[in-house]
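Subject: A structure for you to look at

Hello,

Here is the structure I promised to pass on to you. Please have it open while you read the notes underneath.

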Amino acid sequence: MNWDCEQIEERLSDYLDGALPPKEAAQFKAHADGCARCTQLVASVRGLVGALRAMEPEAAPLRLVPTILDKTIGPRTQPFGWRAWLGWTRILWQPRFAFGALTILITGAVLSQALGIEWHTPTVADLNPVHIYRSADQGIHRIYARGAKFFGDLRVVYEIESRLNPAPDQEPEQQKPAPAPPSGPGRTEGPSSGPNNLNRAETSTRYITRFACIVLTAPGRRMP
Amino acid sequence: MRLHTRRIFNLCYRFTSHRQEAEDLSQEVFLRVYRTLGSYRSTYGAFGTWVTSVTRNLLIDHYRRTRRDRLTDSMEDVMAKVEDKESSTRRPDHSAAVAELGGHLQKALAKLSPDLREAVILRDLEGLDYNEIQRVLEVPEGTVKSRINRGRIELARILDQMGVRPN
């Protein structure tokens, strides 16, 4: 089917935007190439669209944004004098700044304690990296030695207690294997509230009590 | 905010062809947007499309309001044409030619009917797709396509009558 000039006008934008199916685009081109009026129309509209899309955007006046802000959220009051100079101090009154400063202070205190920096008698030598390294090394070794001694003491106390008061579940008459509970569907081998479990609970309580005594009588602590 | 301001100002300027009017209308657009912000729902489409829709409604209102004033300005337009012809002979360089073409296009746009003008501005100057234009103008897609097509052809004819042939 051959297209006429009216059809060319109707579908011109579709053709220029590339929205025509290939078959219709071919028919469009066939007519437009053979018709002087349509050739000129297509060329002029194509040039127009290109020129419109290449147009530089007009720069908005500089005062437009401030004027819009003034009319919408209201005029902004500019502080002057000493208020303008002290304006930055408002940040100090914000809670997040206070929390941040407190966190930094605590972190510094913890680090200085760990590194052995004595701030009550600060000297220049305290900031010497060699001194900081030695203090940290000594502190770590001291903590390790205390820990090792603590667990060694705990072991000795445990062994003495075990020899003096053997646990009830290790007594000869209770070392006999208990008869196995009947197994079957619906039964489990989980913990039960038998006498052995009660004895274990008492033993655990005794261990915890001993542990507390050792902690309380550790070097540097005084018994009440 | 600045991005929207520039876009809205351009839209107003392309529609009215007057910087001062475009500035006043841009302020009105943002005032209206600020007051009716609570009524915006995401179902209307993108925020930019909604702002464009508000702008378009305001431009149409403005066009209707100032129709009488424009009729009295027709004589001034004739005088401006004469001045433009004189000035065109004084600008030989390329950038001046581009600026001159932009001025001719703006004048040709101003002669287009508002329906066709807004369709061409939204499509070819603002780069909106058909769906967005359909949402802004609140007309069916077929009407949008038809207006853009007729607007382009009409604009090309106006430019031809002005003796301007963009390449």
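Below is what I found, chain by chain and then where the chains touch.

First, some housekeeping. This is a predicted model, in which local features need pLDDT of at least 70 and side-chain atom pairs count only at pLDDT 80 or more, while totals for chains, interfaces and linings use all residues. Residues are numbered from 1 along each chain as its sequence is written, and chains are lettered from A and ligands numbered from 1 in the order in which they are written.

How sure is the predictor?

The model scores ipTM 0.75 and pTM 0.54. For single residues there is pLDDT, the predictor's confidence in each residue on a scale from 0 to 100. Chain A has a mean pLDDT of 77, with 74% of its residues at 70 or more. Please be aware of residues 183-193 of chain A, where the pLDDT is below 50; that stretch has three contacts in the model beyond near neighbours in sequence. (Two residues are in contact if their C-beta atoms, placed from the backbone, lie within 7 Å.) Chain B averages 82, and 83% of its residues score at least 70. Among the elements of chain B, helix α5 (residues 74-88) has the lowest mean pLDDT, 48, and α9(B) the highest, 93. Residues 85-91 of chain B also fall below 50, and they make four contacts beyond near neighbours in sequence.

Chain A

Chain A has nine helices and zero strands. Helices here are DSSP runs (H or I, at least four residues), as are strands (E, at least two), numbered from the N terminus. Of the 224 residues in chain A, 8% are buried. A residue counts as buried if 20 or more other C-beta atoms lie within 10 Å of its own, as exposed if 12 or fewer do, and as partly exposed in between, with C-beta atoms placed from the backbone. Among contacts in chain A with a separation of 6 or more, 47% join residues 24 or more positions apart.

A pair of helices to look at is α3 (residues 22-34) and α4 (residues 36-53) of chain A, whose axes come within 5 Å and cross at roughly 110°. The axes are lines fitted to C-alpha atoms, for helices over the stretch in contact, and the angles run from 0 to 180 degrees between N-to-C directions. That crossing makes α3(A) roughly perpendicular to α4(A), a label for angles of 65 to 115 degrees. On the α3(A) side the contact is made by His31(A), Ala32(A) and Asp33(A); α4(A) brings Cys38(A), Thr39(A) and Val42(A).

Further along, Phe97(A) sits in helix α7 (residues 95-115) of chain A. Is Phe97(A) buried or exposed? Phe97(A) is exposed, because it has 12 other C-beta atoms within 10 Å. Leaving aside neighbours within four places in sequence, Phe97(A) is in contact with Ile91(A) and Leu92(A).

Chain B

Chain B also comes to nine helices and zero strands. Of its 167 residues, 31% count as buried. Residues 24 or more positions apart account for 64% of the chain B contacts with a separation of 6 or more.

In helix α8 (residues 130-137) of chain B, the residues Glu132(B), Ile133(B), Val136(B) and Leu137(B) are buried. They lie on the same side of α8(B), because they cover an arc of only 120° around the axis, the arc being that of the directions from the helix axis to the C-beta atoms. What covers them includes α3 (47-65), α7 and α9 of chain B.

Just after α8(B), Glu138(B) takes a positive phi of about 55°. Glu138(B) is in the loop between α8 and α9 of chain B and counts as exposed, with 10 C-beta neighbours inside 10 Å. Ser17(B), in the loop between α1 and α2 of chain B, has a positive phi of about 70° although it is not a glycine. With 15 other C-beta atoms within 10 Å, Ser17(B) is partly exposed.

Where the chains touch

The contact takes 30 residues from chain B and 24 residues from chain A. On chain B, α1 (2-16), α2 (19-35), α6 (94-111), α7 (114-125) and α9 (141-161) each supply at least two residues. The largest share of that side, nine residues, comes from α9(B).

Enjoy looking around!

Best wishes

Definitions and conventions
Parallel < 35°, antiparallel > 145°, perpendicular 65-115°, else oblique.
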